[in-house]
Every structure is written in structure tokens, then in C-alpha cells.
Amino acid sequence: MSKHFVKNTGTAEINWQFFSDAEAVATAAAQRIVWEVNRKPDLVMCLPTGRTPLLTYSKLVELYRAGKVSFAQAHILNVDEYVGLGAGDVGSFADYMEKNLFCHIDIARENRHIPNGRAVNHEAEARRYDELIKSLGGIDFMVLGVGANGHVGFNEPGSYPDNTTHVASLSAETIATNRPDLPVDFQPEKAITIGLKTILDAHGILLLAAGVSKARPLEQLLGNGSVAEWPVAILRQRKNVTVFVDRDATP
Ligand code: GLP
């Protein structure tokens with residue numbers, strides 16, 4: 001059973017739902033995604049990578065196999081990708097999405113969208129991604145994770161709130177956290193990421209947080225953390241945000 005409260009801060013309205021553990025968060029997140037896709041089969045959905053959503057994707061695949069949902073008309077956009085990595089590269093988010101979700105569901109190949117970290121011109125690739133989002137009519141539903149330092153996507157502390165998709169520098173903390181998932185000979189420095197403005201523009205948002213390292217950034221979201229120091233706090237500036245949090249991450 002989840003406990004649940006809505007906190008209003010100025011214009012914000014965040015719907016907090018608390019679950020016992022990461023598995024319960026994943027079950028609820030997969031069900032919410034299924035509900036969104038069934039409500040709008042041609043949903044334009046933006047999804048994250050990271051360790052947190054892995055369990056959500058495996059639950060989502062189970063629901064798909066049980067015939068509860070079809071992604072045949074949906075578009076899935078990825079939140080970010082490392083500069084220097086792309087489809088077929090171990091450690092790339094393209095590889096992660098393919099392995100953990102895309103190859104198990106009926107999403108059309110042409111409806112799978114990930115910034116190309118191997119593009120020759122990364123700035124141009126970021127602009128292409130923004131144009132793509134626009135041409136799809138904007139993002140209907142976005143799922144996000146959060147880094148221990150409050151980053152969302154790869155919008156690290158100090159990111160500009162008016163950025164759309166752009167090339168971002170990774171913080172030392174994020175590099176150290178993500179290092180184990182990357183090839184030893186790859187030096188992560190930058191990423192192409194949707195921006196804080198892209199997040200503000202999405203119609204609905206679901207933030208997933210599980211584990212003790214997420215309590216601090218959530219405390220900043222719940223309280224008065226500044227966006228400059230804690231990018232996740234940008235969610236206080238908008239409506240239609242739900243946060244699914246497990247006991248360990250509860251601020
Ligand atoms: C990253 C990703 C984010 C993700 C965050 C948290 O590096 N760029 O999109 O939400 O880290 O990841 P995790 O779930 O592994 O803690």
C-alpha cells in the first residue's frame with residue numbers, strides 16, 4: 001500500500017507517493033506507464049536510464065507480455081546519451097534501452113529516439129533532437145530519475161533553467177557514480193541531454209527515486225533547494241508532477 005500526499009508550493013503541485021521498497025516503486029511505475037499508453041496509444045514518452053528504472057522496465061515488459069499494453073503507435077525518446085557513445089556501444093544509453101526495453105516490446109524501430117552521442121557535430125545533434133520533439137508535438141509524459149547531487153537527465157548543478165537539449169559537462173561525482181557501468185577505456189566527460197526547459201515543457205512527469213542516496217535531493221525538492229544547486233528542484237515550478245519514492249529515499 002502506498003501513502004500519498006500532495007504538497008502545494010506557490011504554483012507547484014507535487015503528488016508524493018510513498019512505497020515500501022524499490023520493487024513496489026517499480027511495480028507502480030510500470031502500471032502508470034501502461035495507464036498512460038492505454039489512455040493515449042500514440043503517446044510521446046521520454047524515459048531515463050540508470051539503475052533505478054531497470055526494475056520498472058522489467059515489470060513493464062511483463063505487463064506487455066501479459067497483453068496489457070501495446071507500444072505500436074507510441075514514440076519513446078531517451079533523456080540523454082554520453083558524448084562518444086552510440087548504438088551498439090557497450091555502456092551507451094542506446095544499448096541500455098535496446099537491451100532492457102526496446103527489444104522486448106512492440107515499439108517500432110523508427111519510433112525509438114536517442115540522442116546520437118557519436119554524431120560528428122554534437123551541438124547540431126542537440127538541435128536535431130529539439131526539432132524532433134517539436135515535430136512530435138512535444139512530450140506527453142516524461143519519467144525521470146535523480147542523481148545523488150540532484151541532477152536530472154544530465155542537467156548537473158549549475159545548469160541553466162532555460163536550456164532545451166544541449167551538450168552538458170558531467171560532474172566529477174556523476175562520473176564516479178556511473179564509472180562502473182562504462183567501458184574501462186572510455187572517459188566520460190560530456191553528454192547530450194534534454195534540458196530543464198524541456199522538463200518544464202513536458203505535459204506530465206513521473207520522478208522515480210529509490211535508495212538512501214536519493215533522500216538528500218528529494219529533501220531539496222520538498223523543501224526550498226535552489227535549482228542552481230539542486231536541478232531536481234525545477235519540478236517545484238510546475239504542475240502535474242508525481243514522485244514515487246521508497247522508504248530508503250524518503251526525505
Ligand atoms: C544518470 C542519468 C539520469 C538518471 C540518474 C540516476 O546518470 N543520466 O537520467 O536518472 O543518473 O540514476 P540511477 O537510477 O542509477 O541512480
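The paragraphs below lead through a predicted model, beginning with its helices and ending with single residues.

A good place to start is helix H1, which covers residues 22-39, together with helix H2, which covers residues 52-65; the axes of these two helices come within 8 Å and cross at roughly 50°. Because the angle has this value, H1 counts as oblique to H2, and the crossing of the pair is right-handed. On the H1 side, the residues that meet H2 include Ala 22, Ala 26, Ala 29, Ala 30, Ile 33 and Val 34, while the H2 side contributes Leu 55, Thr 56, Lys 59, Leu 60 and Leu 63. Sorted by class, this contact of H1 with H2 is made up of nine nonpolar, three polar and two charged residues.

Helix H2 has a second helical partner, for H2 and H3 pack at an angle of about 35°, with 10 Å between their axes. Here Pro 53, Leu 54, Tyr 57 and Val 61 of H2 meet Tyr 96, Met 97 and Asn 100 of H3, and the classes in this contact are six nonpolar and one polar, with no charged residues.

It is also worth asking which residues of each helix are hidden and what hides them. Which residues of H2 are buried? They are Pro 53, Thr 56, Tyr 57, Lys 59, Leu 60 and Val 61, and these buried residues pack against H1, strand E3 (44-47), helix H3 (93-100) and strand E10 (204-209). In H3 the buried residues are Phe 93, Ala 94, Asp 95, Tyr 96 and Met 97, and what covers them includes E3, H2, strand E4 (75-78) and strand E5 (80-82). Just after H2 ends, the chain reaches Gly 67, which takes a positive phi of about 80°.

Two buried residues can now be followed one at a time. Glu 36 belongs to helix H1, and because its relative accessible area is 4%, below the 20% limit, Glu 36 is described as buried. If residues up to four places away in sequence are not counted, Glu 36 touches Leu 43 and Phe 141. Val 44, in strand E3, has a relative accessible area of 4% and is therefore buried. Leaving aside neighbours within four places in sequence, Val 44 is in contact with His 75, Leu 77, Leu 136, Gly 138, Ile 139, Asp 140 and Phe 141. Val 44 and Ala 215, on the other hand, are 171 residues apart in sequence and 29 Å apart in space, taken from C-alpha to C-alpha.

Two further residues are partly exposed. Asp 201 lies in helix H6, which spans residues 196-201, and its relative accessible area of 48% falls between the limits of 20% and 50%, so Asp 201 counts as partly exposed. The side chains of Asp 201 and Lys 197 are joined by a polar contact of 2.9 Å, and Arg 238, which is 37 residues from Asp 201 in sequence, is 9.0 Å from it in space, C-alpha to C-alpha. The other residue, Asn 240, sits in the loop between helix H7 (215-222) and strand E11 (241-246), and because its relative accessibility is 35%, Asn 240 is also partly exposed. The phi of Asn 240 is near 60°, which is a positive value in a residue other than glycine.

Notes. Residues numbered from 1 in each chain as written. Predicted model: local features only at pLDDT ≥ 70, side-chain atom pairs only at ≥ 80, totals over all residues. Heavy atoms only, no water. Helix = DSSP H or I, 4+ residues; strand = E, 2+ residues; numbered from the N terminus. Buried < 20%, exposed > 50% of the residue type's maximum accessible area, 1.4 Å probe, protein only. Polar contact = N/O pair within 3.5 Å; in protein donor to acceptor, adjacent residues only side chain to side chain. Axes fitted to C-alpha atoms, helices over the stretch in contact; angles between N-to-C directions. Parallel < 35°, antiparallel > 145°, perpendicular 65-115°, else oblique. Left-handed = near helix turned anticlockwise from the far one by under 90°. Contact = heavy atoms within 4.5 Å. Nonpolar A, V, L, I, M, F, W, Y, C, P; charged D, E, K, R; others polar.
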